[in-house]
Amino acid sequence: MGHGNLELIFDRVGHFGRYQIFLYFTCAFQNISCGIHYLASVFMTVIPRYACRPPGNVSRVLFHNVSDWRLDNIWKLSSSGHEDQVVVQLQDGEIWELKRCNRFRRDNLSSLDYNYNGHKSRFPCLDGYIYDTSKWDSTVVTQWDLVCNREWFAKLIQPTFMVGVLLGALIFGYLSDRVGRRLVLWSTSIGMYFFGIAAAFSLDYYSFMLARFLLAIVASGYLVVVFVYVTEFIGKKARTWACIHVHSFFAIGTMVVALTGYLVRTWWIYQIILSTVTAPFVLFCWMLPETPFWLLSEGKYEEAQMVVDQMAKWNRAGTVKLSEILSPDLYSPVDRMSPYINKHRLLDLFHDCNIGKRTLIVWLIWFTGCLGFYSFSLNSVNLGGNVYLNLFLMGAVDIPAYVLVCIGMDSLGRRKVLVISLIASAVFCGVIMMIPLRYYFWIMLTTMAGKFAVGGAFGLIYLYTAELYPTVIRTQAVGSGSMVSRAGSIIAPFSVNLSNIWIFMPQLLVGSLAFVSGILTLKLPETLRKPLTTTWEETTILDAEKESSSGKLFPTTSNTDSGQTRSD
């Protein structure tokens, strides 16, 4: 079944009419929920100041030069760091020094002084911990005491979520081709709502992790399939812009997380509110039709005709008979199978030495883009200043980045925009490391510029990859790149934790990879104004023309027939 014949449908009923606009914004709205769940853990896993809880009732508390009768008030009266001890006097007269992961009993009873040089006995924190609730009333960390020797449990929350994202892309990407796009959109949306609520009411850490893991699987499944869904409903004249700007709704989800975190400081209420964003889509998702592309691939011609007729009616266009624009041979069960199915494998991405080098470069760009995208967002809370404003701006900056990428890739070309984006993100990472920590405004401004650049590169690599490979291996090329990018998203939380060693360690890692990726991108051919290749021979010709076309600027146009889109 040729895409060229099916594109005639859009030529007659409209490439982006009222029908497509309704479906597009309905599905794109749900992308907000995906952006929410991908980054919700930023505030749920906040580790506040804490200290060991004393073994009895407290009669007096001393923290530096601050004294109080209530233990809970100490954190509100001081802005000192984590390592400072709290000295308390119990009702039985014992004096204890409370530190983060240990507590010490003063063996010689004396007056309640902050400094003590006598003999002390060390004890573990068997009675739990006291937490600073001045910023958050409760987090997942305070709920289940994920500190000290259990701190690594908290650090596993986001990486485990990203492993679920990887599995979701594999599972639902396969199911969407078997049972249809609509059923997958329904099931994943309902799953996002219920697993999101289940996470809020988890009884222990392990049930919370399970709920979040399942939430990641369905959120990723929706994100993968929705791009295929909107691609198959939108004509080529509007497809590139529409598909890239689906990511803008993901960015809005990041902004919603920041706003909700600012307004709600109890983690389970925060999780419930974020999960309810899915509810409107769950109520109306039954209205979504199946795509005519999938229906035709399954031989359901009457149902496909009904969808096309409905599209024509909404768009106030003339009716289109599929039997008139599709070859009669397509009605044969044998001919519905692509001649390329099962004939090409992932190893064909290393067809020869040049193609193998291209694949490794493309994979590095995918990895770097995803690592940078999530590292900038997750690390925004470690930059000082207002952490909620930081995350909000990290989401907001993506929207103009996608606009600029759409404009630039059709004027300068895909390769030049990608090189500029990667090198710029590397430069901005280097500049961030040179700015003294006290200049928060300039650090934040440069970080936004870095996120802008790497976000643009991550958005462009999907389309560019689809155009670099022939039809016989295109799906495997984009799919393998997406798989490699998931590795970047899994590693991103760990790279952010490196800020405990040096606050700018994440920028050093992302900047180094972005610089190397940008330089290696120069070895890739330009695809602007080039027809999509079908065979390896045509791809070889494209390589031969690389040098002659690398220095030219072309008029605005776009290789939008690839139909490939991005899934975060």
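A contact, as the word is used in these exercises, means heavy atoms within 4.5 Å. This is a predicted model, in which local features need pLDDT of at least 70 and side-chain atom pairs count only at pLDDT 80 or more, while totals for chains, interfaces and linings use all residues. Residues are numbered from 1 along each chain as its sequence is written, and side-chain values use heavy atoms, with hydrogens and water left out.

**Exercise 1. Describe the protein chain as a whole, and state how confident the predictor is in it.**

Step 1. Begin with the contacts: among those between residues at least 6 apart in sequence, 77% join residues at least 24 apart.

Step 2. Turn to secondary structure, where helices (H or I, at least four residues) and strands (E, at least two) are DSSP runs numbered from the N terminus. The protein chain has 24 helices and eight strands.

Step 3. Consider burial, for which buried means under 20% relative accessible area, exposed over 50% and partly exposed in between, with a 1.4 Å probe and protein chains only. Of the 568 residues in the protein chain, 54% are buried.

Step 4. Check the confidence with pLDDT, the predictor's confidence in each residue from 0 to 100. The protein chain averages 83, and 87% of the residues score at least 70. Confidence is highest in helix 11 (residues 267-275), at a mean of 95, and lowest in helix 24 (residues 546-549), at 51. Over residues 329-343 the pLDDT is below 50, and this stretch has 15 contacts in the model beyond near neighbours in sequence. The pLDDT is also below 50 over residues 549-558, a stretch with 26 such contacts.

**Exercise 2. Work out whether the length of helix 18 agrees with expectation, and find what its buried residues pack against.**

Step 1. The expected span of a helix is 1.5 Å times one less than its number of residues. Helix 18 (residues 398-409) has twelve residues and should therefore span 16 Å, which agrees with the 16 Å between its end C-alpha atoms.

Step 2. List the buried residues of helix 18, which are Asp398, Ala401, Tyr402, Val405, Cys406, Gly408 and Met409. To read such a list, recall that an α-helix has 3.6 residues a turn, so residues three or four places apart point the same way.

Step 3. Find the partners: the buried residues of helix 18 pack against helix 10 (236-263), helix 16 (353-379), helix 17 (387-396), helix 19 (414-434) and helix 20 (440-468).

Step 4. Take one residue from helix 10, namely His245, which counts as buried because its relative accessibility is 15%. Leaving aside neighbours within four places in sequence, His245 is in contact with Tyr24, Tyr402, Val403 and Cys406.

Step 5. Apply the length check to helix 19, whose 21 residues reach 31 Å from first C-alpha to last, close to the 30 Å expected. Its buried residues include Arg414, Arg415, Leu418, Leu422 and Cys429.

**Exercise 3. Identify the nonpolar cores and follow one residue of the largest.**

Step 1. A nonpolar core is a set of buried Ala, Val, Leu, Ile, Met, Phe, Trp, Tyr and Cys residues joined through side-chain atoms within 4.5 Å. The largest has 141 residues, and Leu146, Phe208 and Tyr374 are among those with the most contacts inside it. Helix 9 (residues 205-233) gives the most to this core, with 17 residues.

Step 2. Not counting residues up to four places away in sequence, Leu146 touches Val140, Val141, Glu151, Phe153, Ala154, Ile157 and Tyr205.

Step 3. A second, separate core of 13 residues includes Leu71, Val88, Leu98 and Ile130.

**Exercise 4. Characterise the surroundings of Lys120.**

Step 1. Lys120 lies in strand 7 (residues 120-123), and it counts as partly exposed because its relative accessibility is 31%.

Step 2. Not counting residues up to four places away in sequence, Lys120 touches Glu97, Phe104, Arg105, Arg106 and Asp107. Lys120 and Arg106 are 14 residues apart in sequence, but 4.6 Å apart in space, C-alpha to C-alpha.

Step 3. The side chains of Lys120 and Glu97 are joined by a polar contact of 3.0 Å. A polar contact is a pair of N or O atoms within 3.5 Å; within protein, one must be able to donate a hydrogen and the other to accept it, and residues adjacent in sequence count only if both atoms are side-chain atoms.
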